[in-house]
Amino acid sequence: MGISQYIKEIGRGARGAKPLNREQALDLFGQVLDGSVTDLEIGAFCLAMRIKGETPEEMAGFLDATHARLTRFPATVRPLIVVPSYNGARRLPVLTPLLAFLLAREGLPVLVHGTATESTRVLASNVLAALGVPALAAVRPIQDGEVVFAPTELLSPGLKRLLDVRRVVGLRNPGHSVVKLMLPSAGTCVVIGSYTHPAYAESMAATFELMGMTALLSRGLEGESAADPRRIAQVDGFVNGRRVELQAQQPGTQTEVPGLPRQIDIATTADYTRRVLAGETPVPDAIAQQVAQILQLAQLAQEAQQVETE
């Protein structure tokens with residue numbers, strides 16, 4: 001056992017490194033998640049992959065290893081909307097809780113999962129707690145029209161340990177990509193994928209296709225799953241790996257979004273979320289469009305599931 005043979009392949013620099021196949025990636029990442037390798041090996045793996053970058057085949061292998069060890073939620077009646085939340089707010093309020101509640105209001109079961117990877121941002125989990133959605137202590141069934149929050153360690157302690165490596169080395173690692181793509185339910189999921197750089201968009205799209213996943217992919221607000229309310233971004237959907245173009249990018253950025261507060265603290269963001277849900281403040285157009293797009297994907301996913309079972 002050990003991952004030194006893999007590090008030799010991926011650790012030869014940006015030009016000399018060789019990609020792993022899916023089976024090798026599964027073995028490597030499984031050992032990392034199981035904690036059967038040394039801290040030095042984990043550090044070498046994280047730095048090597050940061051320089052080389054993950055291929056879709058490698059990401060598929062990492063996800064295979066994750067899914068084999070993941071504590072999954074029971075299947076839901078309607079497709080489970082999976083909302084990763086790992087970035088938080090830096091300049092604008094975190095709108096992931098608003099997105100989650102708007103989806104639940106449409107009768108969809110919604111799982112938000114995440115953990116703090118930086119200590120300076122306002123997290124969606126903090127806002128959700130202020131809105132009466134505390135972190136779950138155990139996996140349980142999720143009802144239609146319900147929002148729940150699961151900390152990453154509840155789903156995978158090994159992934160949480162890997163994410164925490166960032167606090168030591170200061171750089172993201174494959175764990176930060178895996179958590180945005182994983183399927184934490186035994187039933188049909190719609191994953192809300194977001195990226196901050198175009199290169200990640202290409203890699204995530206290729207992984208969705210390779211894994212046959214149903215997902216929405218767009219450039220989120222400061223890396224969060226919720227759409228940036230100031231822009232009309234490109235949005236792509238995937239239904240069992242088949243790409244569906246949902247929205248073309250439009251030029252321009254709004255300087256003001258009606259009702260959006262300038263403060264990003266927990267109390268202000270929670271109050272803004274309550275006012276939007278109560279109809280006292282308008283839903284940002286980009287968020288309203290995102291809700292409609294996710295509803296479309298959920299419907300397509302449900303129809304595809306029905307065809308498979310007939």
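Reader: Which residues are buried in H3?

Author: This is a predicted model, where local features need pLDDT of at least 70, side-chain atom pairs count only at pLDDT 80 or more, and totals for chains, interfaces and linings use all residues. Numbering runs from 1 along each chain as its sequence is written, and side-chain values use heavy atoms, without hydrogens and water. Buried means under 20% relative accessible area, exposed over 50%, partly exposed in between (1.4 Å probe, protein chains only). In H3 (helices are DSSP runs of H or I, at least four residues, numbered from the N terminus), the buried residues are Ala25, Leu28, Phe29, Gly30, Gln31, Val32 and Leu33.

Reader: How far apart are the end C-alpha atoms of helix H3?

Author: H3 has 13 residues, 22-34. The expected span is 1.5 Å times one less than the number of residues. That gives 18 Å, and the end C-alpha atoms agree at 18 Å.

Reader: Which residue meets arginine 69 in a salt bridge?

Author: A salt bridge puts a side-chain nitrogen of Lys or Arg within 4 Å of a carboxyl oxygen of Asp or Glu. Here the N to O distance is 2.8 Å, and the partner is aspartate 34. The pair links distant parts of the chain, 35 residues apart: arginine 69 is in helix H5, aspartate 34 in helix H3.

Reader: Is aspartate 34 buried or partly exposed?

Author: Its relative accessible area is 47%. Aspartate 34 is therefore partly exposed.

Reader: What is valine 168, buried or exposed?

Author: Valine 168 lies in helix H10, residues 166-169. Its relative accessibility is 72%, so valine 168 counts as exposed.

Conventions: Helix = DSSP H or I, 4+ residues; strand = E, 2+ residues; numbered from the N terminus.
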